[in-house]
Amino acid sequence: MPFKLLRQGFRRTKALDRILPVQQPLARNYDVIIIGGGGHGLATAYYLAKYHGIRRVAVLERGYLAGGNTARNTAIVRSNYLTPEGVAFYAESISLFKTLSIELDFNIMYSERGHLTLAHTDAAIRTSRWRAEVNKHLGVDSELISPDEIRRLCPQLNLSSKARYPILGALYHPPGAVVRHDAVAWGYAAAAARLGVEIHVDTAVTGIIKDGNRAIGVKTSRGTAHAERILQAVAGSSSHVAEMAGFRLPIRTIPLQACVSQPLKPFLDPIIVSGSLHVYVSQSSRGELVMGGSTDPYPLYASRSTLEFKEGLMAHMLELFPFLAEIKVMRQWAGIADMTPDFSPIMGVTPVDNYFIDAGWGTWGFKATPVCGKRLAEMIANGRPPKLIEPFALNRFQRFVQIGERGAASVGH
Amino acid sequence: MKILNCPLNGPRNISEFACLGEVKTVPPPDAGTADWANFVFTERNAAGLVREWWIHIATNYVFIVDRDTLTEETIRTYRVNDPLLSQSLGPGGTK
Amino acid sequence: MTHPPGHRLPPPMGTLIERQAPLMFSFEGIRYAAYTGDTVASALTANGISVLSRSFKYHRPRGIVSLAASEANTLVEVNGVPNVFAERHILSEGDCIRGQNYLGSLSFDWNAWIGAFGRFLPIGFYYCSFFRPQGAWRFWEPVIRRMAGLGRVNVAAHHGYYDKAYLFADDAIIGGGAAGLSAAIAAAEKGRRVVIVDENPVLGGALNYGRVDADGMRAGDERNRLLARIKTFSNITILAGARCEGCFADNWLSIVQRQRLYKLRAGRVILATGALEQPAVFRNNDLPGVMFGSAAQRLIRLYGVRPGKRAVVLTANDFGYGVALDLADANVDVVAIIDLRHGSPGGVMKSAAAARKIRIDTGAAISEALGRGTVRGVRVVRIEPDGSAGAAFETINCDLVCVSVGFAPNLALAGHAGGRLVYDAQTAMHLPTNLPAEMAVAGSANQHFDLDMAIADGSRAGRGPQGAEQFAGDHSAYGVTHPRPLFPHSKGKEFVDFDEDLTVKDILDTIASGFEDIELLKRYSTAGMGPSQGRHSSVNTIRLTARARGKSETDIGTTTPRPPYSGESFGVLAGRSFDPVRRTPMHHRHLDAGAQMMVAGSWLRPAYYGKTQEADNAIVKEVTSVRSGAGLVDVSTLGKLEIRGPDSPEFLNRLYVTGHLKQPVDRARYGLMTDQTGTIVDDGVICRLAHRHFFVTATTSGVDAVIRSMYLCNAQWQLDVDITNVTAAYAAVNVAGPQSRKILAEVCNDIDLDKDAFPYMGVRVGHVANVLARVMRVGFVGELGYEIHVPAGCGEFIWDRLLDVGRKWGLIPFGIEAQRILRLEKGHVIVGQDTDGLTNPLEIGMGSTAAAKPFFVGGAALNAHAQRGLGRKLVGFKVEDGSLMPKECHLVIEGGEISGHVTSCARSAAVGGIIGLAYVRPHQSEIGENFTIRVDGGRLVSARVVTLPFYDPTNERQKL
C-alpha cells in the first residue's frame, strides 16, 4: 500500500487537503481570460501559468467545473490517425498523457489497453492499412492484423465468418488507452489554481467587449472583466460564443450519446471499435462497459437521451459479443459535439484581434486535452500559433482546404 | 422519439426523416471563392430557432422545418413553395 | 394462531405463492425449498438466509433493503446470468443461484479485510496515490481493477430470443397502485384508450402489501373494488410484470416485459409510480436484517414470510406504525417503536399500536446496529434539539430492524422527460416541475400518501387536462418524511450509499476536498453511480451536503435522472437485430454456381465463382475468359434512376461535373458527381433515352446519397423534372468480351447490333430473349460489351438464357474480383477505392474542362482547387516483375517523407506484371518517372509511371 495512503490514514483527524480551489470574486483585469472551464481551457490555463509565467489567468465556466464534454466523453486516448498532421498532434498528446499524473500530482489513471479498430469490409481493410502505414512511418505503433491475431488479443469477440458483418481484420494500436476523464480536468484545475489561476464556475459569458476589431474583455453573469488576450474553448457552444465575438464557424452542433452497463468483473482488456457497426466499447476500471456509437442524426443543443440510439448500439454490440445479451444497460447520457466539415478541429487566430479559438473537436476532443493546453498556451503567450497546430486554422475553409481525416472518421473514437 | 409533421405524409417518427442542413441564401453564380466557401462551410448553427431542409426518406419528399435546437421543439413545417416562408424566423433568425 | 414450520405464515398471507406447488432451487450450491411464485429473495428469507451478496468496495455482507429491486445489495447470479435482482427473479425448479463479489464464500469473504482498512482508503484515494514513480499505476491498476465490478460475465452464455412490439394509447399510466388505477378508471370513463403499465406481477401496488388502516382490512378491499371496476372497461389494456424503463421525447416510452421491448406512443403519460422508502443513516445501517418497513410488509403479505422474530421499528410517520401492526399480526415480537419525532404526533395507526401496548419511544433514534453478518440488536439514543444523536440510553436485542422514516417520490421518468426535481423543504421531498405539457404525476409520486387523497389525485390526473383542479397536498400523518434522518457516528460506517459503500465521512471529505457542487460530488465520490442510480442515496446525500455547506437542500439541487429506470438488457434493446441483406434477383444462381459472396453496402455480390482455397485460379480464369471469349457479371446492385421532364438536361448538367446539356438521344455519357466542396462522391452512366428522359446509374453504395441530393437540389432549383429511384425495379447484367455481340445476337433481333449502327456508348431499347430491355454499349472492363437492364422479375431468366446461348462462345459468369482487375487494366477508377473523402476531379485527371460550364454543384470549389494547384495526382504505375507486390494503401515515399499511396494494385496477365494506381506528388506524375513504394516489412519497391490505360491504350477492343 502506498505510503501516502498510510500517512493519510493515521492522521485522519486532520482536515483533508483541499483539491479544488475556493472561488474568488471576479477581478476587473486579467492577462488572459479563457472562456470554458473544460479540459482544454483548464489545461491551457495550467500551461500558461507553469511554462509561460502568465498567472493572471481567469477560467470562466458557465456551469460546474468541467461539466460539459469533459464529463461526458468515453475517455479513450489514441493517436492512430490518418493524416501526418493528425498523427503528429495526437502522438504528442499521448506522450503528455503518459506523464500527466506526475506532472499534476493527481492520478489520472492512464490505462494502456490496446485499441482495436475492426474492419468488416475490404474497404475498411484498405483504410486500416493506410492508417497503419502512416502511423508506422511517423513512429506510432499501429498494425493491420488478421482475425487469428485478433482472437489472441480479444478471444471474446465473435470472429465467426457467418456473422452479418464478419470481422476481416483490425487496425491494432497498442498505445490506445483509457483515462479517468474527470480526473484530467480536476488535476489541471488543481495544479493551475496552485499556480494562481482563478477558476470561476457558474459564471456565464454573456458578451464579448470589443474596441474596434480587438477583443478586450467579457461580460459575465458575475460582472465584467478585461483581458489582454481571450481564448474561447467551449465545446458544444462554439457557434454561440463566436457569434458574441462577431463571427461564424463551419460547425454543426450534434449530440453524441453513450451508455454504461452495470459493473462486471473485468473480462475485456482492449478497447474495441467497429466503424462499420458504429460501436466502440471499453471496460472501465469500475467494471462497467462504456459504450458509444455515431453522433445523432440531426443538430441539437439538448443533451437528452434517445431509445433508438441504444437499440441500434446494442444490436451491434451483440454482433460482436453475443454472450452479453442478458447484461443490462445502467445509464445513458449525451454530450454536445461541434462537428466540422473535415472532422478536424479549429485552433488558432480568428477574425477578431486578440481573440483565439479552440473549437470543432467533434467527438474526439478529450484525447487532445494535454497537447491542446500546451500548444494553445504557447499560442496565447506568443500571439501566434505554433507550427504543430497551424494546419488547423479557421481560415483553411475560405480556400476550400480541408484536412484529410474525413476518410477515416466514420466512427472517430 | 420525436414526431415530425411532414407536409405530405403527416406526423411521423423522426427516424423516417433526414436533416439536410440549414436553409441558406445562395450566392450569385459569379460570386467569388470566399463567398462560395462561406456559403458551403459556414453555418449559423443557432442555439435556438433554426430553419432547415428535411427529407422524408421513404417518399423522398423535401420540405422545410423551423425548430428550436435548445428544446427540440418543432415550431412549424412548410412545403417548399409555402408563401409563409417569406416571413422571417423570429428573433435572431435569418430567412 | 398456529404457524407453518420455519418462517412461513399461513394464508391469507402469501398472495403470490402457490403452496400446493413446491419446488427446489440451490443457493451457493446448497438446495433449498420454495413455492411457485417465490422470488429468490423471498425464498431465501423463508429459509432463514439474510446475506445475499457482498458489497462493492468493502465486501460487507448485504441483504434485503427495499424488496423492490432498487439496490445492488440483492444482485445475484441466476443460472449464470450476473446482476439479477433477487426480488425480481421468480424461481423455477432447479434454478441455480449464487451470490456475487466475494473471494472464498459468501459467508466468508477473503476480501472482507478491505473493510478493516477503510481508514486507509479515504474517498478518492486512487486519485492521490498509486502513480509514483512513473509507471506505478501500471502495477496497481490491475490489482484495483480485479476488485472492481460485481457480477461475472459468462462468455459462453447463449443469446436467446428477444423481440419488440409497438403500442399506442391516449393515456399511458405508469404504476397500477391506487392512484394509477383511479386515473385509469377516470380516463377510461372519458372513452380514452388506456394502457396501465406495472412492474409487479399483479396490479394494486401498495394495496397488495401495505396497511392503510388500524385493522388492516381496507387496503385489500379498495384493491378489489378498483380492480373490479377496471375489468368493466374494454378500453383499458393492462401490461403487468412490465417495467417502464424510459420516457423519451413526445411521450415515447420504453417498456420491458420479460424478453420483449414495447415501444409505446402515448397522448398523455400519467406517472403513478409511487414513492420509495428512504434509509435512515446510522452506524451499520447496512447489516442484513435492517430493511424498510415496506420490505417487511411485502415479505409478509405477498410471500407469507415472517421477516424476523424480534423487531425494532424506526419510524417518523404513521406508515411505520402500520408496519409495526403488521409485524405484530405476523407473530413478530415488536419490542420497540423508535419515533424520530418529538412530542406525540401521529394518527390512528399510532393509537392502534399504543392500544396493543407496543413500546413507543419518541424523540429517539437508532445510533448503531449491532451484530456481525446479521443484525443482533440496536443502540437507541435520544435526539438532541439540534437533530443530532445524543448519548445511547439503551441497547435492544432484535433480529429485524424496520426503517420507515420517509419517502422519495419516484420521479425518475419525469426526469427523463425533461422535468426538473425541486426539493420542497415543507415536505422534505422532491416536487416535479417543468413537466412536458402532456405529462401528469399522481398519487404518492405527487406526495399524496393518504389513500383517499391518492385515489382523488389519481382521478384528477385521469380526467385531465392536467392541473385543472388543485389539490391542497397531503397533511395526514401517514406519509410524513423526516427532513434529516442522519445520525453520524464517531466510528463511522453509517452508509449513505449502499451500492458504492459510501459513508457520511466520505461525503463530507468529498465536500472538504472542494467537490461541493452536487454534480462534482457525485463524480468524485461516485455517490449515486451504482446500479440503484441513487434511488436510496441521492436525497440523503443532498441533505448531508446541505448541512455541510450551510445551504438549503433546494439550493443544492439534484443530479439529472438518466434512463434507463432500472436496467434494460442488451438483448431486449437489440431485439431480433433486424439488419436485412439485399440480394439481387440472380442471387440463387450465383450460389448454385458456387459463388463466394461478399458484402457490398447492404448487398451481397459474388466475389468469384469457386472454392475459397482456389480463389486465385478462379479469378484468373474469369479474367481470361472475358479477355478471350466472354463473361457475364451481375450488376443489378447499381443504383438506377429515371430523370424525366423538360428540364432534365439542365438538371443533370448542374448536378454532374460532366456535361449533359447537349447529350444526344440514344447516347450514354460518363457522369462524375462532386459535392459542394468539390469532392468526388459518385459516378455512373447517364443515358439519354428520349429528349426529356434520362436513365442514370449510380454506384451501389452511393445511390442513396445521390438520390437524396437530387431531391434536395430540385427542391431548391424548382426545375421541371421528375426523379424516381428504380434501383430495385431492374436487374442488370454486363455481357463483356470479344464474343459478346455474337451472344447477344442469339437472343436479340429488334436491335441492330452492327458496330456502326450501335456504336460504343450507344443506348438502345429493345427485346433481349423477348424481355423488354435497355441495352447500353459501355466498356468498364475494356472489351466489347453490353449492359442489359431488364425488369427485376426477369433477372434470373435473362441470366439463364444468356449463359445458355453463350456457352458455345465460352461465356462464363465472373465476379467482383475479376471485374476489379479488368477495370484496373483499363485504368478506370472506382469511386471510394481510388478516391477518398477529399479527392477532387482534377486529381484524377477529370473536370478540367468543367470550368466552361455556367454552374454546377461543386463548381466554385473546383475553381478554387484549380487556382491553388494540385497537391497530388492519381497515376498508373508498373512494378518490375519479380519484385514484391505492393498492397492497396501502401505508401509512396520520397526523400523519407510520405508523398502518396497506392489505391489499386494487381497482377495482370493481359498487361504482363504488376500494375496499379497511386497518388503521387504532381512532379512525380510525368510518364516515365520512377517513384518508391514501401511494402510489407518496410521493403522499398520501385514503380514507374505509365500511360493509362494499361490495356488496349487505343481503345480498339471496346469499339470492335
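Which residue follows helix 9 of chain C, and what is the sign of its phi? In this predicted model, that spot belongs to Lys357(C), with a positive phi near 65°. The helix just before Lys357(C) is a good place to start looking at chain C.

Helix 9 of chain C runs over residues 348–355, and its buried residues are Met349(C), Lys350(C), Ala352(C) and Ala353(C). These four span an arc of only 160° around the axis, so they end up on the same side of the helix. As for what sits over them, the cover includes helix 8 (318–329) of chain C, along with strand 17 (333–339) and strand 18 (360–362) of that chain.

Helix 8 of chain C turns up again in a helix pair. Two packed helices are described by the angle between their axes and the distance between the axes. For helix 7 (residues 293–303) and helix 8 of chain C, the angle is about 35° and the axes lie 9 Å apart. The crossing of helix 7 past helix 8 in chain C is left-handed. On the helix 7 side, the residues involved are Gly293(C), Ala296(C), Gln297(C) and Ile300(C); helix 8 answers with Phe319(C), Gly320(C), Val323(C), Asp326(C) and Leu327(C). Sorted by class, this helix 7 to helix 8 contact in chain C comes to 5 nonpolar, 3 polar and 1 charged residue.

Now for chain A as a whole. Its secondary structure adds up to 11 helices and 19 strands. With a radius of gyration of 21 Å, against the 22 Å that the globule rule gives for 413 residues, chain A is close to the rule and therefore as compact as a globular protein of that length. The C-alpha trace of chain A spans about 65 × 65 × 40 Å along its principal axes. Of the 413 residues in chain A, 66% are buried. Sequence separation tells another part of the story: taking contacts in chain A between residues at least 6 apart in sequence, 77% link residues that are at least 24 apart.

Chain A also touches chain B. That contact draws 23 residues from chain A and 16 residues from chain B. On the chain A side, helix 9 (238–245), strand 13 (252–261) and helix 10 (307–320) each put in at least two residues. Broken down by class, the side of chain A that meets chain B holds 13 nonpolar, 5 polar and 5 charged residues.

Technical notes:
Residues numbered from 1 in each chain as written. Chains lettered and ligands numbered in written order. Predicted model: local features only at pLDDT ≥ 70, side-chain atom pairs only at ≥ 80, totals over all residues. Buried ≥ 20, exposed ≤ 12 C-beta atoms within 10 Å, placed from the backbone. Arc of directions from axis to C-beta. Contact = placed C-beta atoms within 7 Å. Rg over C-alpha atoms; globule rule 2.2 N^0.38 Å. Axes fitted to C-alpha atoms, helices over the stretch in contact; angles between N-to-C directions. Left-handed = near helix turned anticlockwise from the far one by under 90°. Nonpolar A, V, L, I, M, F, W, Y, C, P; charged D, E, K, R; others polar.
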